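Me: I am new to this structure and would like to learn how to read the place where a ligand sits. Could you take me through it step by step?

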Amino acid sequence: MKSNTEETTITESITEEEHKKLLMQQEITIVKRMSNISHKIAVMSGKGGVGKSTIAVNLAAAFALKNYQTGLMDVDLHGPDVPHMLGVEHAVLGQSPQGILPVKVRENLEVLSIEFMLPSKGSPVIWRGPKKTGAIRQFLSDVSWGKLDMLVIDNPPGTGDEPLTVLQSIQPLDGVVMVTTPQAVAGEDVRKCVNMVKGLKIPVLGIIENMSGFTCPHCQQEIDIFGKGEGKELAEELEIPYLGSLPMEIQVRENSDQGKPFIFADPQSQISQNFMEIVSEIENKLQN
Ligand SMILES: Nc1ncnc2c1ncn2[C@@H]1O[C@H](COP(=O)(O)OP(=O)(O)OP(=O)(O)O)[C@@H](O)[C@H]1O
Ligand SMILES: [Mg+2]
């Protein structure tokens, strides 16, 4: 990150005309880079903590298991959790003549996050709107993904600068996977997010209800901590597809904390199989 003094010097040293030209060049580069990627999917939610990053990470991991060449871009600039969830939080980005190289998790899974650019773990990013938009557009123009089948983009909660920049800068975006939990307050926030996406004429691929019920590992009784079924009702109300649900499971949280997506840790588990059905639904939507 540059100091304020450095920033002022750089901004003042170019004319408005030159600045416009640079933005145009950047736009052309973004279009070129994105044309090398067959499918681009954003994971979003109006609500925080509902499992967006968990789902983005496992969606990318599932695509990789299905032999797609996959990229995962974390545009949560203030709380980048994706590197930790993949166990690559200490990795550094490479450089090539074609641009910045994302971090390789597996042969066909690469990841990019602001976390890889921070001077130390725990360094906060304190940026206002235009700076955040600029950083995401720089991700899109300067990172050399090469040819990809799938790019999954993990977003921070809400309808702020980051999701808006993703929705407006990645053309064409195949669509948005919306994550909710069954509580009424989550539904209200997700409704706003869906309306933002619809307003920009971008398809909502569907809603996933996460943290949908919990089975007690001791007595096997099912407890609906946050409720159950509201995601499906919301999908019907908003006339968007319902992709399915995932229960709350200790394993999911433990795998995340240990840096291993549950889909890699145990592909045969019930939750992985549930999730793979959701992934097949998403694949169907991409083909249409
Ligand atoms: N189905 C689940 N079962 C158990 N724990 C889960 C489940 N889904 C997510 N979690 C846990 O809940 C926490 C929040 O999940 P996550 O970070 O993916 O949410 P988020 O929506 O990305 O949050 P933020 O809005 O801060 O970006 C994490 O600790 C994660 O491991
Ligand atoms: Mg997150």
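Me: How far does a backbone N or O atom of Ser 53 lie from an oxygen atom of ligand 1?

Reply: Please keep in mind that this is a predicted model. A polar contact is read as a pair of N or O atoms within 3.5 Å, and here the backbone atom of Ser 53 lies 2.9 Å from the oxygen atom of ligand 1. The side chain of Thr 54 has an N or O atom 2.5 Å from an oxygen atom of ligand 1, while a backbone N or O atom of Pro 247 lies 2.9 Å from a nitrogen atom of the ligand. The protein covers 82% of the 630 Å² of accessible area that ligand 1 has on its own.

Me: Which residues around ligand 1 come nearest, and how does the shell divide by character?

Reply: There are 18 residues around the ligand, and Gly 49, Lys 52, Ser 53, Thr 54 and Pro 247 come nearest. By character, the shell holds 7 nonpolar, 7 polar and 4 charged residues.

Me: Which pocket does ligand 1 take up, and what is the volume of the second largest pocket?

Reply: The ligand occupies the second largest pocket, whose volume is about 560 Å³. Its lining is made up of 33 residues, with Gly 51, Thr 54, Met 85, Met 211 and Ser 256 lying nearest the centre. Two or more lining residues are given by each of α3, α4 (82-85) and α9, and α9 provides the largest share, 5 residues. This lining divides into 15 nonpolar, 9 polar and 9 charged residues.

Terms used. Residues numbered from 1 in each chain as written. Chains lettered and ligands numbered in written order. Predicted model: local features only at pLDDT ≥ 70, side-chain atom pairs only at ≥ 80, totals over all residues. Heavy atoms only, no water. Near = heavy atom within 4 Å. Polar contact = N/O pair within 3.5 Å; in protein donor to acceptor, adjacent residues only side chain to side chain. Areas by Shrake-Rupley, 256 points an atom, 1.4 Å probe, with all protein chains shown as cover. 1 Å grid on protein atoms, 1.4 Å probe; cavity = no way out; pocket = protein on both sides within 12 Å on 5 of 7 lines; lining within 4 Å. Sits in = over half its atoms within 2 Å of the grid points. Nonpolar A, V, L, I, M, F, W, Y, C, P; charged D, E, K, R; others polar. Points joined across faces, edges and corners; volume = space filled by probe spheres on them. Helix = DSSP H or I, 4+ residues; strand = E, 2+ residues; numbered from the N terminus.
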